[in-house]
Amino acid sequence: MGKEVSADSFTPRDRARYRHKLQRCLDTLARMLADNSFSFPRRHIGLEVELNLVDERLTPSMSNSTVLESLDDESFTTELSQHNIELNVPPRPLAGRSAIDLEDDLVGYLAGADSHAHTAGARLAVIGILPTLEQHHFDQKWITNNTRYTLLNDQIFAARGEDIALSMDGAALTGHNPERLRTYSESILPEAACTSVQLHVQVAPEEFATHWNAAQCLAGVQVAVGANSPFLLGKALWHETRIPLFLQATDTRPEELRNQGVRPRVWFGERWITSIFDLFEENVRYFPGLLPQTDREDPLDTLENGQAPQLTELMLHNGTVWRWNRPVYDVVDGKPHLRVENRVLPAGPTVLDMMANAAFFYGAQRALAEAERPVWTQMSFQAAEENLYAGARNGFDAQLYWPGQGWVPPDELVLRVLLPLAAGGLRSADVSEAAIDRYLGVIEQRCLTRRNGAWWQRAVVAESEARGAERESALTAMLSRYLELSRGGEAVHTWPVDAA
């Protein structure tokens, strides 16, 4: 999202040129898929983690430029708000002990970043939504100094024509009534409250549709089991509040267009697919360009000259349609490839928890994609979408639909069906037994105890308030304890619950 674009204003001619170039890119992609132009020497995985910076009071530290300058590491980059940075871990094979090596690397990356954050009087917080955010942190002045972020903000508001409305009804804390959030924002910075882990898996073109469909089936289970974002602006809302917040924070539709059924740019989708082309074609057909800037490459000419086209406009456009499972085209060392980018998971609570979430996804996705009778032929697309929102809202208390099981809680679905599938999928990918046992063991225990990051945060705050604490102090104390336990590295299901 941080790629630079020109600060020049866009004219009607720019938009016409951009629309033509998008179609040219789409035609080129169709030719590449037909001609089998993609490189697939071995299956690689990748991972991105969005991070918060907090100050000594555990409120947002608007210091990402200082921290990144101190880090001087191309693995770290900016994000939308000045209190965010993003870590992009180099891709690697999935097989063998690669996952365990990735865990070690993540620990090192985050420890190093935290050390450099201290130079700005800050520290890292790896959490889905920072619970100490306040309304004034959404002021436009806190957008990172990057032309693309400012343009994106301006274009979304120009399309929308009014302030962004944030409206959510929460799942009640123990001993409390359900809470509601009703507020407005004059910038898209509420999006920056949503800090996630994004999982990438490289796939062959002919395998893309099955892997994407499988990822869609898993989305509701992922957020229910991995929820870690229960508080926003002092309110106890969804267990994974990132899901509705991201949708609302980047919504270019005023109420009238929503009523007409115009599609949101944060999108689950509307159908199972047969090719990656389906997704890019939908993007071009349904969504106007927010950043209509073109380069000089003619992608068809580049392809006919034996080179891999960049498809710059198609990729820029794809970056402004926030599918929960996004298609990715990329060129590395002159060779094009395709990836599924899974975007539903929150950051945190620990590196071990994030690696467990990743291993569960990679294993279950592969097993479902290779199944003789695909699960998506046995359930409606709408059921998969409903699972996403039910899992995000209620966590382990959700009821999810699964073929052959009916409506079941997520822990039961994982323990009975998906955990064995995930183990088989990881073995099919030649992942070591040590890695399978380590990471799927965490998922198993999380389901047996029904404790994830959201459950822990909610329990600690409820306990503090039962002892007389006000919400603001309860959230700050909870975050302090969270950061202490997160640094300890033990999986969240083992964390003690006490009034922080």
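This is a short dialogue about reading the predicted model of a protein chain.

Me: Where do I start, and how many helices and strands does the protein chain have?

Reply: Welcome! Keep in mind that the model is predicted. The protein chain has 16 helices and 15 strands. Its radius of gyration is 22 Å, close to the 23 Å that the globule rule gives for 500 residues, so the chain is as compact as a globular protein of that length.

Me: What box do the C-alpha atoms fill?

Reply: Taken along the principal axes, the box is roughly 70 × 50 × 45 Å.

Me: How much of the chain counts as buried?

Reply: A residue is called buried when its relative accessible area is under 20%. Here that applies to 61% of the 500 residues. You can also look at contacts: of those with a separation of 6 or more, 75% are between residues 24 or more positions apart.

Me: And what about the surface?

Reply: The accessible surface comes to about 19,300 Å², and carbon and sulfur atoms hold 46% of it.

Me: Now a close-up, please. How do I read the faces of a strand?

Reply: In a regular strand, side chains alternate between the two faces of the sheet. Try strand β6, residues 180-185. Its covered face has L181, T183 and S185, while R180, R182 and Y184 are on the uncovered one.

Me: Which strand is joined to β6, and how many bridges join them?

Reply: That is strand β5, residues 164-169, joined to β6 by six bridges. The two run antiparallel. To find your place in the pair, look for L166, which stands opposite T183 in β6. You have met T183 already, on the covered face of β6.

Methods
Residues numbered from 1 in each chain as written. Predicted model: local features only at pLDDT ≥ 70, side-chain atom pairs only at ≥ 80, totals over all residues. Heavy atoms only, no water. Helix = DSSP H or I, 4+ residues; strand = E, 2+ residues; numbered from the N terminus. Rg over C-alpha atoms; globule rule 2.2 N^0.38 Å. Buried < 20%, exposed > 50% of the residue type's maximum accessible area, 1.4 Å probe, protein only. Contact = heavy atoms within 4.5 Å. Areas by Shrake-Rupley, 256 points an atom, 1.4 Å probe, with all protein chains shown as cover. Pairing = 2+ DSSP bridges.
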